[in-house]
Every structure is written in structure tokens, then in C-alpha cells.
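Subject: Structure handover

Hello,

Here is the structure I promised you. Please open it and keep it beside this note as you read.

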Amino acid sequence: MDIDDILREVDPTYHVVPRERRDLQDLTRAWVAERSAPELLHWPAGGLFERIHDNIKRQIEKVEEMTGDMDPKTNFALIVIQTELERFRYLVRSYIRARIAKIDRHALHYLSTDELRSRLSEMELAYATRHQALLHDHYLASFLSSFPPPLQNLNDTAGNITMIDAPDLESAVFIRLLKDTLVEGRGVDADGAMDGRESDIVILRWSDAKPLIDAGSAELV
Amino acid sequence: MPMYGDLGNKLVQHAKRTQNLTHLPPYQAELVRSVAREVRDLDKDVASMLEPFQGSFDPSAHQAMACTLLVNHLSMRRNKRCLLAYHRTRTDKLEELVWSGYDVLDLSAQQTAGEEDYVRQYGDLLAAYKGQWTDIDLTGSLEPPRDLFIDVRVLKDAGEIQTEYGAINLTKNSQFYVRQGDVERLIAQGYLQKLA
């Protein structure tokens, strides 16, 4: 995974204004984080995806404009732009697919509370709700409708066992510290703490890493 | 004498096997019916056992019966989980097929009418979701792109395709140097093979 390559692709000579470069950085960060975190993260706020979508659209138009030109120089630029475009598309696609995979896996969990629902984008919320309804209909048609009514729910919590599966928040993640900070982690036998330095890479439980990420002291790698 | 939950266990074994297959094995309709029947029978047993008590059952006074009831309850719930797991495994498999671009008509005839409906509706849902990302093919390759152009060999006649550099006629055993984005779908469907 050559993130550096991708970042290098956005060369200043392609009159990229800083905002666009920042967007790419945000996208790359969100993508890396989403792929390593065991649970669904917040959908990026501030219209990041709207801007990226517009950029992609603009580049596609530019490619179409330039295609007619037979000048070798334009042709070369065209290939560079198309390569960049493909990489952008890959990032967005991979990011969205990673999120959908998580949503599909634990749909009822993410739909269960307002706090969790707020992590999904509007589109994802609609998708998850509809998908869950489809599944429920399918279960009903296949066997659930012949069950005694008290057993027909999909969200029983009888006997202190909830039917709703949730992601494992105790699984391990790697994080890179963005500033000097105290890192605390819970272990199996004993808890540990260390004075972390900037750019240290640490492995610890996601539930311990989350506060650091939320505070902006660390990023997922 | 079969025990409670034996049938459910069989379903789970079927589900486990399904996970490792590339195709969808036949639906175990008889098994599903039997497990559901077991749940209904257990529920009837519980109801008839509790009937004489008129809702005033005291577990500490009838410990043996409380134990029977508990086992019955647990068996019912376990059966339900087995059924859910079995169906979810199958729908996951079907969704995977929808994502990789199969049409409901191309699927093997192993799915039930209910599952076919499910595939159709999930396909619609996915199409609607994809429609919001018109410029990014969400079902495209999840391999990071390295080269814009790739060498491909044609495995099956795929007819003529339009690219921005003109039309290419894809006849069997020919080789082309083409833009990856133009032929991704055909590679996924097995018409073309990517050459390293």
C-alpha cells in the first residue's frame, strides 16, 4: 500500500490548491482508519465526500475534453490524470465498501441507538434499514412466521443474552502517536501505562485507543 | 432417539460447509421444517405443562419441572439461532454473488423462490445505493490500481466493446493492451484474463 505514492501523485504542478490536497489527506486517513478499526467510525463531517465527488466529476470532464487532442504532451498528461483518477476512485470505493461490510455485519447494532445511528451517513442509514427489513422478511417467509409469536423477535435479550451481535471492541489495533502523551492500556493480567513520544507506534486494545484517537493525539495505522 | 438440538446442529454444519463453497448448495427445506416443528412442539409442551398452574407457577416448589421448562426454553432459542445462522449464511452468499455482478437469472437453480425474491430485492437495493455514486463503480476491483493499462487475453468470445480509443473486437485467444477500467467487468465475469 503506497500511500506516499498516492500523496506524491497530487503534485503541485497540477495546480492543486491546498484544500484539495487536504481533502485527499483526510480521505486517505479516513480510509486507513476505517480499515483498521474494529467498529464503524463516524462518517466524515464537513462535506468532504461532496467535494471529492465534485473533484472526480471535474477530472472526468477534463479527461473527456482532452481525449480528442492528439498532441503527445496532452496525451501524457491525460495518462497521469487518468491514473490519479483511478486511484481516487479506488480510495473512495474501498472506503465505502469497508463501511458497508461493517454495517452489514452488525446492522441491528448500529441501528439500535441514536449515538450509533449518527455515525452513518444518510445513505448508509437508508441502506442499513432497508437491508435489515429485507432480511427480516426473508426470515419470516422462511421459518420465523411458523414460530410461536413470543419467539418471533430478532432483538430478544432474554436470559441476559442479547441476540444483537456487536463488534469486538477489545480487539487490537496499531496506532501512531501524533504528540507526546500518556498511553494507558488494560492487559489480561495487569494494566500498563507508558509515556509515549510523538511518532511512536503502539499496539493496544481498540477500547483503550479510541480516547486517544478522538482527542487527536494518535491516528490508526 | 434424537436429542433436542440435533437437527439444529445439522443445519449449522450445513451453514459451515456453505461458507467454504463457491456455489450455493441446495436448500435444506426438510431440515428447516423439522427444526421449526421442534420449536412448535416444545412450545406446546411448555404450554400444556404450565396449564394446570394458571399462571401461578412457583419454580422452587416444583424444581424438576422448572428444570424441564428451562431446558425446553433453551432448546427453542438455540434452534432459533441455528435457523437464523443457516439463513444468514445463505443470504450472505447470495449477496456476495449480487456484488460480484451475477444476475438472478445466472444463478444456479439451488435457491428457493424466497431466496430468489431476496436476491432481486437486494439487487435493487444495491443498484439504488450504487446510483448515488455514479462516478465510482462500487462493485469494481478492490485491488489498488497499479497501471492504467494492462495486458489481457481473451478466454471467451465477448463481442465488440467500445473504448475511448475506438472499438475492440474481443475474439477468443487474442491479446490486447487495454485500459483496466474498460475491461474490469469482463475480467470479473471470466471473459478475459489479466496477464502479469
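In this predicted model, strand S1 (residues 172–177) of chain A is joined to S4(A) by 5 bridges. The two strands run antiparallel. Strands here are DSSP runs of E, at least two residues long; helices are runs of H or I, at least four residues long; both are numbered from the N terminus. Two strands count as paired if DSSP finds at least two bridges between them. One partnership to look up: Arg176(A) bridges to Ile201(A) in S4(A).

Now the whole sheet. It is open, has 3 strands, and follows the order S4-S1-S5 in chain A, with antiparallel pairing. S4 (201–205) and S5 (218–220) of chain A are the edge strands, each pairing on one side only. From one strand to the next, the twist averages 40 degrees.

Helix H8 (residues 206–214) of chain A packs on this sheet. H8 touches S1, S4 and S5 of chain A, where contact means heavy atoms within 4.5 Å. The direction of H8 makes about 125 degrees with that of S4(A). Angles run from 0 to 180 degrees between N-to-C directions, and axes are lines fitted to C-alpha atoms, for helices over the stretch in contact.

Next, the domains. Chain A is divided into domain 1 (3–105), domain 2 (114–160) and domain 3 (172–220); the bounds come from an automatic or database assignment. The centres of domains 2 and 3 of chain A, taken over C-alpha atoms, are 35 Å apart.

Two notes on the source. Residues are numbered from 1 along each chain as its sequence is written, and chains are lettered from A and ligands numbered from 1 in the order written. Local features need pLDDT of at least 70, side-chain atom pairs count only at pLDDT 80 or more, totals for chains, interfaces and linings use all residues, and side-chain values use heavy atoms, leaving out hydrogens and water.

Best wishes
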